[in-house]
Structures are given as C-alpha cells and as structure tokens.
Amino acid sequence: MPTKLSDWWLEHAAQEADKTIKKMEEYGAGDLAMIGYSIAQMASRKVETQEQAAEFGIVFYALGKIARVMTAVEEGRMPSDDTWFDLAVYAKMALAIREGAWQIEERPNTPEARFWQNIAPGADPFASADQ
C-alpha cells in the first residue's frame, strides 16, 4: 500500500536516477577511479580493482559534500537541498558499483585514459602480484 513517504521516495529516486545516468553517460566513471587510485596511493593503500578505486573516488567527493554541510551548520544556516541530493546520489553510486550495475569503462583519449597509461605503461595497475 503506497504511503506519502513511499511516493516521495520513489519520486526522488527517479529524479536521482535520471540526473545521475545522464551525467554518467556524459562523463563516465573513469575520473572516479583515477581520483580514488591517487588517494589510495597517497595513503599507501593497495587498490585491487578499478571499482575499488572508483569507490575511493566517491569517498573523496562525498567528503567534500560533508564539508559543505559542516560549514553551513557552523555558519548558522541549513545545508542546501543540492548538497543532500548529491550525498544521496554518491551513496547510490557506490552501491551500484559494488553490485555491478555501474561498469567502469575506460574511454580512449580522455585524461583518465592518459593517467592509467602514465602510471605503468603497458601494465595493469590493478593486477595482483601473483599474475
């Protein structure tokens, strides 16, 4: 039985999906993996897959949104709806990557493709030492 809350939830989920899918189709997720890989390297953390690297990239973006929330509170104002919207989307992005619904595809001739080529030309930066 639908309720006011379930109707609201489904409506917002549809809006999130529409906006996120359009941006994903435009930008891909390679930048998330690139950022996540870089952060992991700075933290001396091994990254096993591009999906794991992308999740670390999402952590970076989410932290920026959390900083906006905290700044708003410190300044005596409420965080913007856009900030909360973005945080909700980032959480769903991480889950979609974990569940295999969002594939990380390398797009040729992009900054992220050049990034991976420069890390280890001809090598897979995610290959295990056993391979």
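In this predicted model, the largest pocket is lined by 16 residues, and Thr 20, Lys 23, Val 89, Tyr 90 and Met 93 are the ones nearest its centre. Two or more lining residues come from each of helix 1, helix 2 and helix 4. Helix 4 supplies the largest share of that lining, 6 residues, so this briefing follows helix 4 through the pockets, the packing and the salt bridges, with cut-offs for burial at under 20% and for exposure at over 50% relative accessible area.

**The largest pocket**

- The volume of the largest pocket comes to about 410 Å³.
- By class, its lining splits into 9 nonpolar, 2 polar and 5 charged residues.
- Val 89, Tyr 90 and Met 93, which are among the residues nearest the centre of this pocket, also appear in the list of buried residues of helix 4.

**The second largest pocket**

- The second largest pocket holds about 230 Å³ of space.
- Its lining consists of Ala 13, Glu 16, Ala 17, Thr 20, Ile 21, Met 24, Val 89, Lys 92, Met 93, Ala 96, Ala 101 and Trp 102.
- Helix 1 and helix 4 are the elements that each give two or more residues to this lining.
- Which element gives the most to the lining of the second largest pocket? That is helix 1, with 6 residues.
- The lining of the second largest pocket has 9 nonpolar residues, 1 polar residue and 2 charged ones.
- If you are comparing the two sites, note that Thr 20, Val 89 and Met 93 line the second largest pocket and are also among the residues nearest the centre of the largest one.

**Helix 4 and its packing**

- Helix 4 covers residues 81-98, which makes 18 residues.
- From first C-alpha to last, helix 4 reaches 26 Å, close to the 26 Å expected at 1.5 Å a residue.
- Its buried residues are Thr 83, Phe 85, Leu 87, Val 89, Tyr 90, Met 93, Ala 94 and Ile 97.
- A general point helps in reading that list: an α-helix has 3.6 residues a turn, so residues three or four places apart point the same way.
- The buried residues of helix 4 pack against three other helices, namely helix 1 (4-27), helix 2 (30-42) and helix 3 (50-74).
- Leu 87, one of the buried residues of helix 4, has its C-alpha 9.5 Å from that of Gly 64, and the two are 23 residues apart along the chain.
- Gly 64 itself sits in helix 3 and is partly exposed, at 34% relative accessible area.
- Just after helix 4, Gly 100 adopts a positive phi of about 80°.

**Salt bridges that involve helix 4**

- The structure has 5 salt bridges, and three of them are described here.
- As background, side chains of opposite charge can pair when their charged atoms come close.
- Glu 16 and Lys 92 meet through their side chains in a salt bridge, at 3.0 Å from N to O. Because Glu 16 belongs to helix 1 and Lys 92 to helix 4, this pair ties together parts that lie 76 residues apart in sequence.
- Is each partner of that pair buried or exposed? Glu 16 is buried, with a relative accessible area of 10%, while Lys 92 is partly exposed at 41%.
- Both Glu 16 and Lys 92 are listed in the lining of the second largest pocket.
- Arg 98 forms a salt bridge with Glu 55, and their closest N and O atoms are 2.7 Å apart. This pair links Arg 98 in helix 4 with Glu 55 in helix 3, distant parts of the chain that are 43 residues apart.
- Arg 98 is exposed, with a relative accessible area of 62%.
- Asp 86 and Lys 65 join their side chains in a salt bridge at 2.8 Å, N to O. Here Asp 86 in helix 4 and Lys 65 in helix 3 are 21 residues apart.
- Asp 86 counts as partly exposed at 22% relative accessibility, whereas Lys 65 counts as buried at 11%.

**The chain as a whole**

- The protein chain has 5 helices and 0 strands, giving the pattern α-α-α-α-α along the sequence.
- Of the 131 residues in the chain, 30% are buried.
- Among contacts with a separation of 6 or more, 60% are between residues 24 or more positions apart.

Terms used: Residues are numbered from 1 along each chain as its sequence is written. This is a predicted model: local features need pLDDT of at least 70, side-chain atom pairs count only at pLDDT 80 or more; totals for chains, interfaces and linings use all residues. Side-chain values use heavy atoms; hydrogens and water are left out. Helices (H or I, at least four residues) and strands (E, at least two) are DSSP runs, numbered from the N terminus. The expected span of a helix is 1.5 Å times one less than its number of residues. Buried means under 20% relative accessible area, exposed over 50%, partly exposed in between (1.4 Å probe, protein chains only). Contact means heavy atoms within 4.5 Å. On a 1 Å grid over the protein atoms alone, a cavity is a set of points where a 1.4 Å probe fits but cannot get out, and a pocket is an open set with protein on both sides within 12 Å along at least five of seven lines; lining residues have an atom within 4 Å of a point. Grid points are joined across faces, edges and corners, and a volume is the space filled by probe spheres set on the points. Ala, Val, Leu, Ile, Met, Phe, Trp, Tyr, Cys and Pro count as nonpolar, Asp, Glu, Lys and Arg as charged, and the others, Gly among them, as polar. A salt bridge is a side-chain nitrogen of Lys or Arg within 4 Å of a carboxyl oxygen of Asp or Glu.
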